[in-house]
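Trainee: I'd like to go through this one with you before I head back to the bench. Could we take the metal sites, then the charged pairs, then one of the strands?

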2 protein chains.
Amino acid sequence: MDNIKKKLQEKGLKITPQRLAILQALMSNKSHPTAEMIMEYIRVNHPNIATGTVYKVLDTFIEHQIIKKVQTEKDVMRYDAIMDHHHHLFCSESERIEDYVDIELDELLQAYFIKKGIPDFKIEDIRLHVNGKFLRIE
Amino acid sequence: MDNIKKKLQEKGLKITPQRLAILQALMSNKSHPTAEMIMEYIRVNHPNIATGTVYKVLDTFIEHQIIKKVQTEKDVMRYDAIMDHHHHLFCSESERIEDYVDIELDELLQAYFIKKGIPDFKIEDIRLHVNGKFLRIE
DNA sequence: TCTTAAAAGAGAATAAATCTTATTTAGGGT
DNA sequence: ACCCTAAATAAGATTTATTCTCTTTTAAGA
Ligand SMILES: [Mn+2]
Ligand SMILES: [Mn+2]
Ligand SMILES: [Zn+2]
Ligand SMILES: [Zn+2]
């Protein structure tokens, strides 16, 4: 919880109970939760937190690069507190999304694109969306 | 327009003016349009098409693998009529999304994952989301 | 041509996200 | 420690994208 505070301070953000709760929720839940799921989780200790506050805080975190959005095919956004470069595994028959870290792959891609490039495009970031099936229940 | 009809017939779908218009709109517009954009486009010739019909038709097309959704960080879905395997270039400062076809890359990735695999996961499809900036105005 | 299941139209309903305004609060300055 | 104020939150209305329900229309096979 102290390093959560530090994280906010580093970005020059005021430390509020709501921000701490939301960030803590995101950091302890690696399943890329929705805003709704975060609210449910923190309502236990913060019964009066407003929906708008949650969305506002999430936006603030994104702006300050504390969290990221995870794009899905559903009409609901999901959030990710892990900022180290990583890819995602999407289950093709459920909403499950897992992180996939692979430095060897990243190096391979980097080498490939440094050599080849993409015409008229300056690459900033490459992420894989790997669709498939998990062979083990989480 | 005839091969659009054929496409529907192949999937066992009834040929309706609405479906033809929507699929034609999608195939002539490579910018990964939203449902709203498709409606705007086809309203010129189909002024009475219902919003619900457009969404219903799009869903039907997705079910029958005639089109695909394109995931974005905005709260609006985008659609893609190109079904051949390809990746996407996302502009980090606008809504522009372009196709990126690279068979050499696909082969590289395939070789990599055949050799390495992902533990407890059966890969079905790999797509790159390349974020960056377009260096030439479209 | 007739029949009927499927599709479309109209508009209400929902769900996610955003906005507005009043109130509260964090934290720097005194 | 206390003030001050800009920033943050609460509450609830609003918007926007999407879905649903129900009625009417239509495609296409018999
Ligand atoms: Mn939405
Ligand atoms: Mn929505
Ligand atoms: Zn992640
Ligand atoms: Zn595409």
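**Charged pairs, metal sites and a strand**

Trainee: Is A:Glu95 buried, partly exposed or exposed?

Mentor: Keep in mind that this is a predicted model. The relative accessibility of A:Glu95 is 44%. Buried needs under 20% and exposed needs over 50%, so A:Glu95 counts as partly exposed.

Trainee: And which side chain meets A:Glu95 in a salt bridge?

Mentor: A:Glu95 sits in the loop between β3 (87-91) and β4 (97-100) of chain A, and its partner is in the loop between β1 (68-70) and β2, so the pair ties together parts that are 21 residues apart in sequence. The partner is also partly exposed, with a relative accessible area of 44%. The N to O distance is 2.7 Å, and the partner is A:Lys74.

Trainee: OK, metals. Which residues are the protein donors of the zinc ion (ligand 3)?

Mentor: Start with the spacing along the chain, which reads H-x47-D-x5-H-x1-H-x10-D. The donors lie 1.9 to 2.3 Å from the zinc ion, with NE2 atoms from the His residues and OD atoms from the Asp residues. They are A:His32, A:Asp80, A:His86, A:His88 and A:Asp99.

Trainee: How many residues apart in sequence are the parts that A:His32 and A:Asp80 tie together?

Mentor: A:His32 is in the loop between α2 (17-28) and α3 (35-43) of chain A, while A:Asp80 is in strand β2 (residues 78-80). A:His32 is buried at 1% relative accessibility, and A:Asp80 is buried at 4%. The parts this pair ties together are 48 residues apart.

Trainee: What about chain B: which residues are the donors of the zinc ion (ligand 4)?

Mentor: Here the spacing along the chain is H-x47-D-x5-H-x1-H-x10-D. Among the donors, B:Asp80 is buried at 5% relative accessibility and B:His86 is buried at 1%. The donors lie 1.9 to 2.3 Å from the ion, and they are B:His32, B:Asp80, B:His86, B:His88 and B:Asp99.

Trainee: Back to charges. Which side chain of chain A meets B:Asp102 in a salt bridge?

Mentor: This pair crosses between chains, from the loop between β4 (97-100) and α5 (103-116) of chain B to helix α5 (residues 103-116) of chain A. B:Asp102 is buried at 4% relative accessibility, whereas its partner is partly exposed at 40%. At 3.2 Å, N to O, the partner is A:Lys116.

Trainee: What is the N to O distance between B:Lys133 and A:Glu124?

Mentor: B:Lys133 lies in strand β5 (residues 121-134) of chain B and A:Glu124 in strand β5 (residues 121-134) of chain A, so the pair joins two chains. B:Lys133 is partly exposed at 26%, and A:Glu124 is partly exposed at 38%. Their side chains meet in a salt bridge at 2.6 Å.

Trainee: How many salt bridges are there over all chains?

Mentor: You've already met some, such as the one between A:Glu95 and A:Lys74. There's also a network linking A:Asp102, A:Glu104 and B:Lys116. Over all chains, the count is 14.

Trainee: Last one: which residue in β4(A) stands opposite A:His88?

Mentor: β3(A) and β4(A) run antiparallel, joined by 4 bridges, and they form a hairpin with 5 residues between them. Both faces of β3(A) are covered, with A:His88 and A:Phe90 buried on one of the sides. Opposite A:His88 in β4(A) stands A:Asp99.

Notes: Residues are numbered from 1 along each chain as its sequence is written. Chains are lettered from A and ligands numbered from 1 in the order in which they are written. This is a predicted model: local features need pLDDT of at least 70, side-chain atom pairs count only at pLDDT 80 or more; totals for chains, interfaces and linings use all residues. Side-chain values use heavy atoms; hydrogens and water are left out. Donors are N, O and S atoms within 2.8 Å of the metal (3.2 Å for Na, K and Ca); water is not among the atoms, so sites may look incomplete. Buried means under 20% relative accessible area, exposed over 50%, partly exposed in between (1.4 Å probe, protein chains only). A salt bridge is a side-chain nitrogen of Lys or Arg within 4 Å of a carboxyl oxygen of Asp or Glu. Two strands pair if DSSP finds at least two bridges between them.
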